Amino acid sequence: MKFQTLILCFFLSMSSLIAQETETINTEYRAEREKVSDLVHTKLKVSFDYDKSQMAGEAWVTLTPHFYNVSELELDAKAMLIHTITSNGKELKYTYDDAKLQINLGNTYAKGEEYTVYIKYTARPEEVKQKGSAAISSAKGLYFVNPLGKDPKKPTQIWTQGETEGSSCWFPTIDAPNQKTSQEIYMTVPNKYVTLSNGLLKKQTENSDGTRTDYWKFDQKHAPYLFFMGVGEYSIVKDKWKDIAVDYYVEKEYEPYAKGIFGNTPEMLQFYSDYTGVDYVWPKYAQIVGRDYVSGAMENTTAVLHQEMAYQTSGELIDENTWEYVIAHEAFHHWFGDLVTTESWSNLTVNESFANYSEYLWIEYKYGKDAADAHRHDEIEGYISPENELKDLVRFHYNAREDMFDAVSYNKGGIILHMLRSYIGTDAFKAGMKQYLNDNEYGTGEAHQLRLAFEKVTGKDLNWFFNQWYFNNGHPKLEVKYVYSEDAKIVTVQIEQTQEGLFEFPLAIEVYEGDSPKRYEVWVDEKSKSFSFKYDKKPILVNPDADRTLLAEFNDIKSTESLVHLYKVGKKYEDRREALDGLKDQQANESAFKTFEAALADDYYGLRIMAIENIDLVNTDSKKAVKMIEDIALNDKKTLVRAAAISKLASYKGEAYIDLYKSAIKNESSAIRVSALKALYWEDKEAALQFAGSIQNDMEKQSLKDALIPLYIMDKTESEQAFVADNLIEGMFFTEDREKADLYKDGFQWVIGSSNEEATQNLVDAFVQLGIQYKQYGADKIAKQVLQQLLEAKNQSDFENKEALVKIVEDGMSRLSE
């Protein structure tokens, strides 16, 4: 399962608005679920009651004793109505507490014997009471989206979310990751809908009542949390990898863009098969986009579910497929997570850390090492925080299962795998993954099994690595100092670990007397350690982390001369980024400024953007740089760089580039159009608003909303107030740009003081949805505060439609309280 950086921004926003209590970690040891009986096969027949948001179900659950004889069975079954339980045609006695079914089997079964229990039930997801995933307010398992069709802007859909223990909200099972079962599902739905589930669609039967029953069968075994059902009006865009169907389920208007979004999937399956040495083992690979799904994406075996952020149009895809790394993440889960599954949530790292690192592997393969290292840099930034430093990667103490889905299990775990790869070598890393997958396929794994697999391949004892990185917390914090003895011609690199506890690690130190380094590989195993190196000419630069693989915080103050040289000789993304970051406030220095000029032509587009955004065109002799940026705005091969160049020119001498803006707003790239339209507004407001008003296509408006919303807010464009209201939340909470957030809050005040019923409805709907989806993080409290403020404003108004406005808000408050 993949969570999004924007969601993190939201949580940070919430923390400033909601009083947070310090959480005490539960001291209970979170062990693997005991295996009394093992699942063998699960057969389901289901149909849906859209009026009640319920599901009628029949389940045939086949099991076998794990070792000891059994005469009773305990199943997870949350908030269900249990109608009948039988086995071999005989009714069985049971007790049920709304969460667990305790069934007297009426017989004793020994190891090796299989038995089947039949259960007729009604699943009531709206009655479920349990803590949800990190982005879903309550783990209902089964989600009805707009079931009565009351919202004209939203299709009717059904999707399921099993991780961590949501599957037992819609079928009785042993809802633990250390169980594996094959499955078959008969889904009866209205004829107009298509269905998706795990495995292959074997049969479709037309019924006389306008419904259809689809029969999905999956012969391989996987964990119950990976079961999936999806229902809705979708276009199915077909693709293929070898002889395996690769399908993309999208709403009809996104059908032309489906292959642009998901089209690298077959290549991913091939790449990951080659990299791990284990071919993709499953019978198909389908991906579906679900409305109101906010956990990023979920790796349901052969039937991956994505949230709406996956949807992009051609103008956005030209710039960058922002969802591609999520697609890669979920694909790799079909090896780490689906084929071999964590035995317990405490060992989630063997699922999520690998999926996180697979993003790096795919980007490195497809787009190069600079792009991969830029992604790694972002992952490190997402991990570094005092809270995360206190958590072990493998955690046997936590308050809720969902607490494991954090930047430690994801970001840090992926970075640790990168360090392991660097330490043992890429070939050994691949072989170790293959060993682990082959040893545990269709079963479960934990960190110790991972260590043993890598030890078997390499012959190395890796306890030291796993003990400090998997079963410990934190990371090195290093104070680095350089002492030069010019008489002896020796430079001493002093490394002080300032964090609590000791880490040991290999380190590559490069010493530059000119453009070529002398490389020294050292081992740091003390809190304070020094390394001395002879030189012929006093070094211009000492690079203490030349490989850029160590997860650490370095306090390493380099001179301007050293930073300039670091950019010049740096072959790695982090080298050049560190140089630019260190030099951005030193551009009065000619060498520092020329470094930024050089960076305008950097091979990696992300560093070209960094150079454009930070180069000082005001306080420097910048004629050459301006000419370069003008050329970049027209000709750079990367549209995101051209967009950054347009924004830079606008902030420098905006009035001089009006013709450029007017031309650029007609470009196919959404990023270029957004930058140009924002720039044009400040120089020719009438032309900018005229162009904005000419955009009638809803999808095009959405792709340009980052320009349109600010324009409409600043201009107070009444005809677009409803569009603004529908898009305010993202800018208010899901951004790190405080200037943008402040502007969107101005837009919020504009809507509050308006009599526009459609805008009021859109704003209410948005905050109700926000409160429901992020309830466990306190968003419901914020939403209630906002709606109360909105209600007071409408009540105090003298609008002719005051009653209608008040009713809209009150209805929203009622929905939020349900």
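The expected span of a helix is 1.5 Å times one less than its number of residues. Keep that handy for the first exercise, and remember that this is a predicted model.

**Exercise 1. Work out how the span of helix α8 sits against its expected value, and whether the helix is buried or exposed.**

Solution. Start with the limits: α8 covers residues 408-424, which gives 17 residues. The expected span at 1.5 Å a residue is 24 Å. From first C-alpha to last, the model gives 22 Å, close to that expectation. Now for the cover: 15 of the 17 residues in α8 are buried, so the helix is mostly covered, taking buried as under 20% relative accessible area. Finally, look just past the end of the helix: G425 follows α8 and has a positive phi, near 100°.

**Exercise 2. Decide how the protein chain compares with a globular protein of its length.**

Solution. First get the inventory: the chain has 28 helices and 29 strands. Its radius of gyration is 29 Å, and the globule rule gives 28 Å for 818 residues; the two are close, so the chain is as compact as a globular protein of that length. Next, the extents: the C-alpha trace spans about 90 × 75 × 55 Å along its principal axes. Then check the inside, where buried residues account for 58% of the 818. Last, take the contacts with a separation of 6 or more: 68% of them join residues 24 or more positions apart.

**Exercise 3. Place E330 and find which residues it touches beyond its sequence neighbours.**

Solution. Locate it first: E330 is part of helix α5, residues 324-332. Its relative accessible area is 0%, so E330 is buried, the cut-off being under 20%. Now set aside anything within four places in sequence. What's left in contact with E330 is M1, K2, Y285, A297, M298, E299, V304 and H306.

**Exercise 4. Track down some backbone oddities: which residues does a cis peptide bond join, and what are the phi values of S53 and N146?**

Solution. Take the peptide bond first. E163 and T164 are joined in cis, with omega about 10°, and T164 sits in the loop between β10 (157-160) and β11 (181-190).

Then S53. It isn't a glycine, yet its phi is positive, about 55°. S53 belongs to the loop between β1 (37-49) and β2 (54-65), and at 10% relative accessible area S53 is buried.

Finish with N146, another non-glycine with a positive phi, about 45°. N146 lies in the loop between β9 (142-145) and β10, and its 12% relative accessibility counts as buried.

Conventions:
Residues are numbered from 1 along each chain as its sequence is written. This is a predicted model: local features need pLDDT of at least 70, side-chain atom pairs count only at pLDDT 80 or more; totals for chains, interfaces and linings use all residues. Side-chain values use heavy atoms; hydrogens and water are left out. Helices (H or I, at least four residues) and strands (E, at least two) are DSSP runs, numbered from the N terminus. The radius of gyration is taken over C-alpha atoms; the globule rule is 2.2 Å times the number of residues to the power 0.38. Buried means under 20% relative accessible area, exposed over 50%, partly exposed in between (1.4 Å probe, protein chains only). Contact means heavy atoms within 4.5 Å.
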